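Student: I would like to take a close look at a single part of this model and see how it fits with what surrounds it. Could you take me through it step by step?

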Amino acid sequence: MAQLPILEFPDPRLRKIAAPVTEFDDGLRTLVDNMFETMYESEGIGLAATQVNVHKRLLVLDVSEEKDSPQVFINPEFEVIEEELQDYQEGCLSVPGFFEEVSRPRAIRVKAQNPHGESCELEARGLLAVCIQHEIDHLNGKLFVDYLSPLKRQRIRGKLEKEHRKSA
Ligand code: QAP
Ligand code: CO
């Protein structure tokens, strides 16, 4: 297993649209393992392939307290089943150090494949629904900061650019 470097906002590679996964092979399973290691080591609850500069449609997450419930979603799609919005203080491993309130539909139905290519379906609400929507956004080149005011987004961008210059 290996930890992968995580792209940080405002890296333009975070804006790429990911392509469907077509090969359910050992390479895919290694990528999934490495994404889990990267997520757990960074104390994240979700990670999309886009964030590790792999522009394929897959994401991993674990929203459990005990960190013992890994879930993988390949080629995920969702539909809203409850339009009512819930607010959640979101963060992102690609936007380190910043947490802001975002509103999203509070219940969704998700269709995806597992690492063997088998289809699965589930309903999600609460934190799981937030996390799945946040991670699918990544696959479409979208970040939670896009939901904030331009002023807030610009402040976050400026602070992270300064951090990046310091460590460059
Ligand atoms: C997305 O985000 C998410 O800034 C996953 O210093 C977040 O795992 C979905 C993290 C909240 C729903 C609610 C961020 C860790 C982790 C940071 C993450 C940080 C350390 C973010
Ligand atoms: Co994120």
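Student: How many bridges join β4 to strand β5, and in which direction do the two strands run relative to each other?

Tutor: In this predicted model, β4 is joined to β5, which spans residues 119–125, by 7 bridges, and the two strands run antiparallel. Together β4 and β5 form a hairpin with 5 residues between them, and within that turn Gly117 has a positive phi of about 90°. Two pairs let you trace the register by eye: Val110 has Leu122 of β5 as its bridge partner, while Ala107 stands opposite Arg125, also in β5.

Ala107 is a useful place to turn to the other neighbour of β4, since Glu82 stands opposite Ala107 as well. Here 12 bridges join β3, residues 71–90, to β4, residues 100–113, and this pair is likewise antiparallel.

Stepping back, the hairpin belongs to an open sheet of 5 strands in the order β1-β2-β3-β4-β5, with antiparallel pairing. The edge strands of this sheet are β5 and β1 (46–48), each of which pairs on one side only. On average, and with direction ignored, neighbouring strands of the sheet are turned by 35° against each other.

Two helices complete the surroundings. Helix α2, residues 126–139, lies across β1, β2, β3, β4 and β5, and runs at about 120° to β3. Helix α1, residues 26–41, lies across β1, β2 (58–61) and β3, and runs at about 40° to β2.

Terms used: Residues numbered from 1 in each chain as written. Chains lettered and ligands numbered in written order. Predicted model: local features only at pLDDT ≥ 70, side-chain atom pairs only at ≥ 80, totals over all residues. Heavy atoms only, no water. Pairing = 2+ DSSP bridges. Helix = DSSP H or I, 4+ residues; strand = E, 2+ residues; numbered from the N terminus. Axes fitted to C-alpha atoms, helices over the stretch in contact; angles between N-to-C directions. Contact = heavy atoms within 4.5 Å.
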